[in-house]
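Here is a set of questions and answers on a protein model, written for a reader at the bench. Please look over the sequence and the structure first.

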Amino acid sequence: MIKTIKIFILGFVYIIGSPLIALIFVLFLIYAILAWVLLVGKSIVIFFTGRTIFSDLPEDKELKKVIASLKQKHTPAHKESGIE
Amino acid sequence: MNNIVTFISLSKREQQFLIALFLIIIAFIALVGLIGHVIKKLMASQGRRVDEMMSQLVEHHIVTDHRHYWSVAMNKSHRLLLIQMTWPLLIIGVNILWYWLLIHFTGDNGLFIDMFNYQTRGFNTILFVFDWANTPKSIFFGMSLVSGWPPLLNTPHFVLEAWPNYIFVTISLIGLIWLVFSNLAFISRTLRIRQTHRSIFIKPLESLNK
């Protein structure tokens, strides 16, 4: 019952705030399309340098290194050297 | 007081109409609320993508301040935007291109003008079309309110010459709905980044005293 009333109140709020919601949505859409165009351009340029736009960020590379070193720390020494 | 007297003096039909109108308004508000609720849930699931992308970077202290967090998170969000928006924009682009080429090579400019014409070869030929301008209205409490269903102008029927408009409008709608959802996903990611970029680096003072 409370949930239904909550949905009803939300509906009322959405109707009152619909012009503002629509404005925010359109502004985001314009920004997103412009960003998409720029990213496509950037990805084409990056493609001709032999990389892709989806290659790892420096932070991701660092994270991979940290995770690899952590895994190495937790691996027992006899397993690392191959001695059973 | 005068209004209450007027309501009591209304005929049974008018009272039924007022109750029906009230119920329709309630149902409409509830429907908007329900749609909003579903959209909010969808947006929350997209917001969690930010947590997925950023949690390990914060956990391992690779990202240590809010400015760095903002730039990395927005960078990743934009990459996701590129993936999510490519298909709908490509569909819309290709759709416009073939429609334009068809009109260009056949020289049939009327096809575009008739795009939604229900009388000739528009997309609306396969829809119910109502004459909203001539909806029956009645005066209640000095207000002119809708009191009946509008007259029907068209019942769905297939017109072979309208096939380009059927395909064009249908594909455009699919592309636009897809675009709307990708934009909603982008908005929800941005909101989540905005919401978290400061809060996750703040330690409550109470915890420092323990």
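Q: In which strand of chain B does Asn154(B) lie?
A: The model discussed here is a predicted one. Within chain B, the residues 152–154 form the strand that holds Asn154(B), and this element is strand 4.

Q: Is Asn154(B) buried or exposed?
A: The relative accessible area of Asn154(B) comes to 7%. Because a residue counts as buried when this value is under 20%, the class that applies to Asn154(B) is buried.

Q: Which backbone oxygen does the side chain of Asn154(B) reach?
A: Leaving aside residues up to four places away in sequence, Asn154(B) touches several residues, among them Tyr118(B), Asn124(B), Thr125(B) and Leu127(B), and also Phe128(B) and Val129(B). At a distance of 3.5 Å, the side chain of Asn154(B) reaches the backbone oxygen of Thr125(B).

Q: How far apart in sequence are the parts that the pair of Arg192(B) and Asp51(B) ties together?
A: The side chains of Arg192(B) and Asp51(B) meet in a salt bridge, with N to O at 2.8 Å. Since Arg192(B) belongs to helix 5 of chain B and Asp51(B) to helix 2 of chain B, the pair ties together parts whose separation in sequence is 141 residues.

Q: How do Arg192(B) and Asp51(B) count, buried or partly exposed?
A: For Arg192(B) the relative accessibility is 24%, which places this residue among the partly exposed. Asp51(B), with a relative accessible area of 30%, is likewise partly exposed.

Q: Which residues do salt bridges that share partners join into one network?
A: Asp108(B) and Arg121(B) meet through their side chains in a salt bridge of 2.8 Å, N to O. Asp108(B) lies in the loop between helix 3 and helix 4 of chain B, and Arg121(B) in the loop between helix 4 and strand 1 of chain B, so the pair ties together parts that are 13 residues apart in sequence. Asp108(B) is partly exposed at 26% relative accessibility, whereas Arg121(B) is buried at 18%. Through shared partners, the network joins Asp108(B), Arg121(B) and Asp114(B).

Q: With which residue does Lys64(A) form a salt bridge?
A: Lys64(A) counts as exposed, its relative accessibility being 52%. The partner is partly exposed, with a relative accessible area of 31%, and the closest N and O atoms of the pair are 2.5 Å apart. That partner of Lys64(A) is Asp56(A).

Q: Which residue of chain A forms a salt bridge with Lys76(B)?
A: A search of the whole structure finds five salt bridges over all chains, and across the interface of chain B and chain A the rule finds one. In the pair formed by Lys76(B), the closest N and O atoms are 2.8 Å apart, and the residue on the other side is Asp60(A).

Q: Which elements give two or more residues to the side of chain B that touches chain A?
A: Besides the salt bridge, the rule finds seven residue pairs in polar contact across the interface of chain B and chain A, both residues being at pLDDT 80 or more. The elements of chain B that give two or more residues to the side touching chain A are helix 2, helix 3 and helix 5.

Q: How many residues of the side of chain B that touches chain A are nonpolar?
A: In the interface, 34 residues of chain B are in contact with 28 residues of chain A. The area buried between the two chains is about 3000 Å², and carbon and sulfur atoms give 80% of that area. On the side of chain B, three residues are charged, eleven are polar, and the number of nonpolar residues is 20.

Methods:
Residues numbered from 1 in each chain as written. Chains lettered and ligands numbered in written order. Predicted model: local features only at pLDDT ≥ 70, side-chain atom pairs only at ≥ 80, totals over all residues. Heavy atoms only, no water. Contact = heavy atoms within 4.5 Å. Buried area = accessible area lost by both parts, 1.4 Å probe. Salt bridge = Lys/Arg side-chain N within 4 Å of Asp/Glu carboxyl O. Polar contact = N/O pair within 3.5 Å; in protein donor to acceptor, adjacent residues only side chain to side chain. Helix = DSSP H or I, 4+ residues; strand = E, 2+ residues; numbered from the N terminus. Nonpolar A, V, L, I, M, F, W, Y, C, P; charged D, E, K, R; others polar. Buried < 20%, exposed > 50% of the residue type's maximum accessible area, 1.4 Å probe, protein only.
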